[in-house]
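Visitor: I would like a close look at a single part of this model, the open sheet in the second chain and what packs around it. Please take me through that part in one go, and then through whatever else can be said about the surroundings.

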There are 2 protein chains.
Amino acid sequence: MKIKEFQLKLRERGLDAAILYNMETNRENVNMHYLANYPGYGFLVVPAKKAPFLVAPLLDIEYALKSRMRFSLLKKDFMEKIRKKLGKVSKLGVELRKFSVFAQKRFRKQFKNAKFEDVSGIIEELRMIKTKEEIKIIKEASKIAGEILSSCIKNFRNFKTERDVYNFLRIECIKNNVEPSFDFVVASGINPATPHHVPNEKPLKKGFCVIDFGIRYKGYCTDVTRTVYIGRPSKKETEIYTLVLNVQKNAINRIRIGEKFSEIDGNARKEFGNYSKKFIHSLGHGVGMEVHESPAVAQGSETKITEGMCFTIEPGLYFPLRFGIRIEDDILIENGRAVNLTAIPKELRTVKPKGF
Amino acid sequence: MKIKEFQLKLRERGLDAAILYNMETNRENVNMHYLANYPGYGFLVVPAKKAPFLVAPLLDIEYALKSRMRFSLLKKDFMEKIRKKLGKVSKLGVELRKFSVFAQKRFRKQFKNAKFEDVSGIIEELRMIKTKEEIKIIKEASKIAGEILSSCIKNFRNFKTERDVYNFLRIECIKNNVEPSFDFVVASGINPATPHHVPNEKPLKKGFCVIDFGIRYKGYCTDVTRTVYIGRPSKKETEIYTLVLNVQKNAINRIRIGEKFSEIDGNARKEFGNYSKKFIHSLGHGVGMEVHESPAVAQGSETKITEGMCFTIEPGLYFPLRFGIRIEDDILIENGRAVNLTAIPKELRTVKPKGF
């Protein structure tokens, strides 16, 4: 996707070419996947002015064929061949955060006098603005994710442990032919105080229960959180939940094209007042091919809200060894407005697990 | 695990300390996980002569507590604090293949005159030899994986598509409270010719069907492949299957402590004779916390077979646009012998999916 836009940026920045690579068989390079529609192992070579191509191993030939990119097979002397195809290179784009000192040595051999410049930022900026095609998929993904999480909340009487909830969500993913976009959080009792809690096999406890859930559908992620209540909440608990909910709603209502994400985040913190110390993470993050990507919806984020962006709004409060609350929706900027992709009620809901 | 052995190696190599890190919230640094029992985000600092410690963000405090390591919270000036705790450092161990040029700059600021040396090899060598505790888990994992794959083959009449087989395996994982260790391969018709084929939703076809399956249980992976036949194989097909099976069995029988992996791999290639060109990957790979790890069971691997190693033996033949066959077992070296952890029959089995 947007490989021509990427080449344009290379020319604007005076780069002769960029090389992206993936050396890990168990993982993908998401920037390479995005630009070349290729999730495999190997190299993506993007000259600024000529046709880009892949260098792929025989093992990943199916991916290479599906990518519809030109490709050659990965053989021992591939780096030399790449250099020959590129010709003279003074400035070479690489992904500096992923560019290991080891790889640098290898590249240096071929591109002796070239200057290596980071291009991850360029690609991540391109990825930040979703195309119509991507938006269509993200909307479908949000619909499926919403249905799964809603049916999970409706089925609460069948669950006895956090693991039961987690497994229900995983099985629903399989039934819907989608993948989990991360390891879901299901946290009850004092566990929601830890935002990254791992579900356990103990009986669900009275109090807030945080469910952080997301799917990957046709390569695109969703990320949604709902907090329900097991038993009956105290007045104080209801008040704190309502505070988080209002901060979340107000944050969504404040979204305007051109506004900086730091302002949205900062305002949410202000609204938390004395509780702001209990809000220990960012207000949100971009979501797309990765469950966490640009833009940063956070303090210090100078990025401005722009048409085509997709990101979470997820304020939360965490009281160590007591409880935690988080409410998270996925927001898309479409036709100049914030469209909430998450159609799951947010009012505090009490649930009764098995045995309650 | 083995953090003391790691410190001993640091001293032997004249290193003052090592720093491992994980900057990606969605992934773990497996070497750090292994040494510190910490799968979170942050830093592991291992002085050669003093107690090691973690620097962990508040978000991952649950992991930090479970690790039983000393830890401090990740704050803005953490690099300076690490430097102060370490004192004078002339030689600093890092994971060079994961050490980005970006991180190098950041480390350089604190450790101005230090030499950075790779320590990934040391850790991967430690991981290669499994402890009794690890072996116990790996055996349990193999048992569960074997039961799931066997029941999948027994249930073949209920499957219509590759995706049905794949989903059955995923659901069985959930029922058994284990995770997939990779994206399973289910390939029928001409698809097994691609070792990394992605399961599709078309009806299963006559011919070989390759199922490459693995689970992660208590942090440890298994990786097993069986090839079944849909319909009735021709004489030629049975012959080729038998060849792969014999090469696989002979490779296992040849395993002796002290023998180089390159010899085992080379011998398998020799036994394939004219077909060896169709054997397009290594004979196997180590398996443990990662589904692919050291040792390399491959051409050029000078590593010698050693007590406590765990690895796959998985010869395969691939005939593009026609068919493919692979048979893979997990082998453990225990009490001087090769113990086959995979208790699933390997003789060619014909199966009838739904509609056949």
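Guide: In this predicted model, helix α7 (residues 132-154) of chain B lies across β9, β12 (224-230) and β20 of chain B. The direction of α7(B) is at about 10° to that of β12(B). A second helix, α8 (residues 162-175) of chain B, also packs on the sheet, where it touches β8 and β9 of chain B. The angle between the directions of α8(B) and β8(B) is about 150°.

The sheet under these helices is open and has four strands, in the order β8-β9-β12-β20 (chain B), with mixed pairing. The edges are taken by β8 (185-187) and β20 (350-351) of chain B. Each of these two has a single partner strand, so one side of each is left without a neighbour in the sheet. In general, the strands of a sheet pair through backbone hydrogen bonds, in either the parallel or the antiparallel sense. For β8(B) and β9 (residues 207-213) of chain B the pairing is antiparallel, over three bridges. Within that pair, Val185(B) is opposite Asp212(B) of β9(B).

Which residues does Leu348(B) contact, beyond its neighbours within four places in sequence? Leu348(B) belongs to the loop between β19 (337-340) and β20 of chain B. Its contacts, with those neighbours left aside, are Tyr229(B), Pro233(B), Thr238(B) and Tyr241(B). Leu348(B) also lies 7.4 Å from Thr227(B), C-alpha to C-alpha, although 121 residues separate the two in sequence. With 19 other C-beta atoms within 10 Å, Leu348(B) is partly exposed, because a residue counts as buried only from 20 such atoms.

Another loop of chain B, between β10 (215-217) and β11 (220-221), holds Lys218(B). Phi of Lys218(B) is near 45°, a positive value in a residue other than glycine. Most residues other than glycine have a negative phi. Lys218(B) counts as exposed, with 12 C-beta neighbours inside 10 Å. Chain A offers a further case: phi of Arg68(A) is near 60°, also positive in a residue other than glycine. Arg68(A) is in the loop between α3 and β4 (70-73) of chain A, and is exposed, with 10 other C-beta atoms within 10 Å.

Further along chain B comes helix α10 (residues 261-272), which has 12 residues. From its first C-alpha to its last, α10(B) reaches 17 Å, close to the 16 Å expected at 1.5 Å a residue. Its buried residues are Phe261(B), Ile264(B), Asp265(B) and Ala268(B). They lie on the same side of α10(B), because they cover an arc of only 95° around the axis. The buried residues of α10(B) pack against α9 (235-254) and β14 (293-297) of chain B. Just after the helix, Gly273(B) has a positive phi of about 55°.

β14(B), one of the two elements against which those buried residues pack, is itself mostly covered, with four of its five residues buried. Its pairing with β13 (residues 284-286) of chain B is antiparallel, over three bridges. Gly284(B) has Val297(B) of β14(B) as its bridge partner. A hairpin of six residues connects β13(B) to β14(B). β14(B) also contains Pro295(B), and the peptide bond from Ser294(B) to Pro295(B) is cis, with omega near 0°. In chain A, the bond from Ser294(A) to Pro295(A) is cis too, with omega near 0°; Pro295(A) is found in strand β14 (residues 293-297) of chain A. Most peptide bonds are trans.

The last item is the contact between the chains, to which chain A and chain B give 30 residues each. On the side of chain A that touches chain B, the elements giving two or more residues are α3 (61-67), α5 (101-110) and α8 (162-175) of chain A. Of these, α8(A) gives the most, with five residues. By class, this side of chain A has 13 nonpolar, 11 polar and six charged residues.

Key:
Residues are numbered from 1 along each chain as its sequence is written. Chains are lettered from A and ligands numbered from 1 in the order in which they are written. This is a predicted model: local features need pLDDT of at least 70, side-chain atom pairs count only at pLDDT 80 or more; totals for chains, interfaces and linings use all residues. Two residues are in contact if their C-beta atoms, placed from the backbone, lie within 7 Å. Ala, Val, Leu, Ile, Met, Phe, Trp, Tyr, Cys and Pro count as nonpolar, Asp, Glu, Lys and Arg as charged, and the others, Gly among them, as polar. The expected span of a helix is 1.5 Å times one less than its number of residues. The arc is that of the directions from the helix axis to the C-beta atoms. Two strands pair if DSSP finds at least two bridges between them. Axes are lines fitted to C-alpha atoms, for helices over the stretch in contact, and angles run from 0 to 180 degrees between N-to-C directions.
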